[in-house]
Amino acid sequence: MKVVLFCGGFGMRMREGAASAPKPMQLIGDRPLLWHVMRYYAHFGHKDFILCLGYGAAAVKDYFLRYDETISNDFTLTGGGRDIRMFSTDISDWNITFIDTGLRATIGERLMKVREHVQDEEIFLANYADTLTASDLSASVESFRNSGAVVSMLAVPPVSTHHVVEMGDNGLVTRVREVRDLMQYENGGFFVMKPDIFEYLHEGEDMVPHAFDRLIPQGKLQAQRYDGFWRAADTFKDRAELEEMFARGDCPWMLWDDNRNGVARKLIIPSQPTRASSLLAG
């Protein structure tokens, strides 16, 4: 199943200057954010990627053209560094298509520019290149297949730390509560789509809200509620939080790495002492 990733925006809230790397290439640990997103899809067996490029396209291309498997995999070095035997690899079986979709194109326009690469697919996947999750992608695809929808998206609770103020006509506050306590969900990306989406996309418009507004009256837009781990790396603060999580080894989105996603810390501890421990205690 092909995966379309929108990684051509300016990402102004993440940039430090005109020469800054594009947002998808900002590092989380020792790999770019884009790599983490792609590695998530590869974990579920989806390794055919279409990158919709724009701002910073050269940085994205250069990274993969010079990709070094040794950064995130174990290996044995012999022959004074001339011979390397990898124990595992990340991207050796990935297929990555790089498409320039314009510097200022909307998400909808970027999707339209890669139509020829997905129009023969029964279903394809799409996502922003700056969101991470631990959601079960296979379950999302299966739910979509049974929905009759043209597009499905992950719906997540707001992650804002701000507070909502409710007030009367006189301006007196009647209630203050956290945004995340509201019974509302926001667009979390991680789209599952049929090529029929192109019938709802128009030049000069965006996928959200324009195409989605056309899908809704026909009952063709599905939202899958998800309350587990989800983060969008929109700002430096978001990225700093993800960096801190990576440093702690607390990375729920790294489903492919049991040493970092928390699985290794959930080992079952025997409720009764073993024979060896009993002898030592005696």
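## A strand at the surface

Let's start with Thr-174, which sits in strand β12, covering residues 173-178. Keep in mind that this is a predicted model. Is Thr-174 buried or exposed? Its relative accessibility is 58%, so Thr-174 counts as exposed, given that the exposed class begins over 50%.

Which residues does Thr-174 touch once you skip its neighbours within four places in sequence? The answer is Glu-166, Met-167 and Gly-168. Take Met-167 from that group: it belongs to strand β11. Met-167 has a relative accessible area of 52%, so this residue is exposed too.

## A nonpolar patch

Met-167 also turns up in a nonpolar patch on the surface. Its partners there are Val-165, Val-173 and Val-176, and the patch has an area of about 370 Å². Where do these residues come from? Strands β11 (163-167) and β12 are the elements that give two or more residues to the nonpolar patch. You've already met both strands: β12 holds Thr-174, and β11 holds Met-167.

## A buried arginine

Now hop over to helix α1, which spans residues 33-43 and includes Arg-39. Arg-39 has a relative accessibility of 16%, so it counts as buried; the cut-off for buried is under 20%.

What does Arg-39 touch, if you ignore residues up to four places away in sequence? Its contacts are Asp-90, Trp-94 and Trp-256.

## A cavity inside

How many cavities of 30 Å³ or more does the structure hold? There is one. The largest cavity contains about 50 Å³ of space. Its lining includes Tyr-40, Ser-135, Phe-190, Val-192 and Gln-224. Leu-137, Ser-140, Ser-152, Met-153 and Leu-154 are also part of that lining.

Two elements give two or more residues each to the lining of the largest cavity: α5 (137-145) and β10 (151-156). Strand β10 supplies the largest share, with three residues.

## The whole chain

Time to zoom out. The protein chain has eight helices and 16 strands. It is made of 282 residues, and 42% of them count as buried, as Arg-39 does.

On the outside, the chain exposes about 15,300 Å², and carbon and sulfur atoms supply 50% of that area. As for contacts, look at those in the protein chain with a separation of 6 or more: residues 24 or more positions apart account for 72% of them.

Key. Residues numbered from 1 in each chain as written. Predicted model: local features only at pLDDT ≥ 70, side-chain atom pairs only at ≥ 80, totals over all residues. Heavy atoms only, no water. Helix = DSSP H or I, 4+ residues; strand = E, 2+ residues; numbered from the N terminus. Buried < 20%, exposed > 50% of the residue type's maximum accessible area, 1.4 Å probe, protein only. Contact = heavy atoms within 4.5 Å. Patch = residues over 30% accessible without salt bridge, like charges linked within 9 Å, V, L, I, M, F, W, Y side chains within 5 Å. Areas by Shrake-Rupley, 256 points an atom, 1.4 Å probe, with all protein chains shown as cover. Salt bridge = Lys/Arg side-chain N within 4 Å of Asp/Glu carboxyl O. 1 Å grid on protein atoms, 1.4 Å probe; cavity = no way out; pocket = protein on both sides within 12 Å on 5 of 7 lines; lining within 4 Å. Points joined across faces, edges and corners; volume = space filled by probe spheres on them.
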